[in-house]
Amino acid sequence: MNLTSRQIALAALDLAEKHGSDALTMKRLATKLGRQPSSLYNHIDGREDLIERMRALIVEDIDTSSFAQLPWHEALIVWARSYLAAFAARPNCIRLLATTPITDPSTLRMYDTVVTALIDAGWADGDAVAVMRTVEAHVLGSALDAVAPSTLLAADTVPAELETLRRALAPEYASTSSAAAAFTLGIAALIAGLQTVRSAEATPPQ
């Protein structure tokens, strides 16, 4: 069977997700694909190229269409939810993708769509990038939180003397203190704050 660069990138995503990003070596990837490491270089240029192809696969699942249809603040929420879903499915890849230079054209086009919409809405060039990165940081943190074990922070592991925390972590509050609820609260507060900043900048001094 002929091997394609997409198949290699999909296998790399699977390898990194199951065994961690440190396990992503050309040798292990070739073994997973039943090939010799040298054969992979017929389809990819090396590790950096491989990572960017992995990034492109994840970005395929991130929806930016709302920026052409909704006000900037509503579009950011739609984008953030789509972004969260894409990365929550691949949490072990977050560290790898968040610490390597971005050259993938589809990822850069996604950022261009977001930044262009923000600038069109009145944000200054540099501020638009900061807005995008602020939302992105919340999304990536939430993606890790979404896949954290349920025992990460639980009432039964809190010492009895920390009564307030134990009470707040009671099972009856699970629906409002879950990772999903925290993301929803956080993105709403974040966008509301950004709207306040944008309104203040747009209002001429008295």
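In the predicted model described here, residues 24 or more positions apart supply 68% of the contacts in the protein with a separation of 6 or more. The secondary structure consists of eleven helices and zero strands, and the order along the sequence is accordingly written α-α-α-α-α-α-α-α-α-α-α. The C-alpha trace spans about 65 × 55 × 25 Å along the principal axes of the protein.

The protein comprises 206 residues, of which 38% count as buried. Its accessible surface amounts to about 11,600 Å², and carbon and sulfur atoms contribute 56% of this area. With regard to charge, the protein carries 17 positive and 23 negative charges, and the mean positions of these two sets are 9 Å apart.

Salt bridges were examined next. Seven were found in a search of the whole structure. One of them joins the side chains of Asp22 and Arg95, with an N to O distance of 3.2 Å. Asp22 is located in the loop between helix H1 (5-19) and helix H2 (26-33), whereas Arg95 belongs to helix H6 (residues 94-98); the pair therefore ties together parts of the chain that are 73 residues apart in sequence. Asp22 has a relative accessibility of 66% and counts as exposed, because the cut-off for that class is over 50%.

A further salt bridge is formed between the side chains of Glu52 and Arg55, at 2.9 Å from N to O. Both residues lie in helix H4 (residues 47-59), and because they are three residues apart, about one helical turn separates them. Each partner of this pair is buried: the relative accessible area is 6% for Glu52 and 5% for Arg55. These two values fall in the buried class because its limit is under 20%.

The side chains of Arg198 and Glu201 also meet in a salt bridge, with an N to O distance of 3.5 Å. This pair is found in helix H11 (residues 179-202), where a spacing of three residues places Arg198 and Glu201 about one helical turn apart. The two partners fall into separate accessibility classes. Arg198, at 13% relative accessibility, counts as buried, while Glu201, at 43%, counts as partly exposed. In addition to these pairs, a network of salt bridges links Asp14, Lys18 and Lys32.

Two annotated regions were considered in relation to the model. According to an unreviewed UniProt entry, residues 2-62 carry the feature "domain: HTH tetR-type". Over residues 2-62, the chain is 66% helix and 0% strand, and the end C-alpha atoms of this span are 29 Å apart. The unreviewed UniProt entry also places a feature named "DNA-binding region" at residues 25-44. For residues 25-44, helix accounts for 60% of the span and strand for 0%, and the end C-alpha atoms lie 13 Å apart.

Technical notes
Residues numbered from 1 in each chain as written. Predicted model: local features only at pLDDT ≥ 70, side-chain atom pairs only at ≥ 80, totals over all residues. Heavy atoms only, no water. Helix = DSSP H or I, 4+ residues; strand = E, 2+ residues; numbered from the N terminus. Buried < 20%, exposed > 50% of the residue type's maximum accessible area, 1.4 Å probe, protein only. Contact = heavy atoms within 4.5 Å. Areas by Shrake-Rupley, 256 points an atom, 1.4 Å probe, with all protein chains shown as cover. Lys, Arg positive; Asp, Glu negative; His and termini not counted. Charge placed at Lys NZ, Arg CZ, Asp CG, Glu CD. Salt bridge = Lys/Arg side-chain N within 4 Å of Asp/Glu carboxyl O. UniProt positions renumbered as here; feature names shortened; annotations may be inferred.
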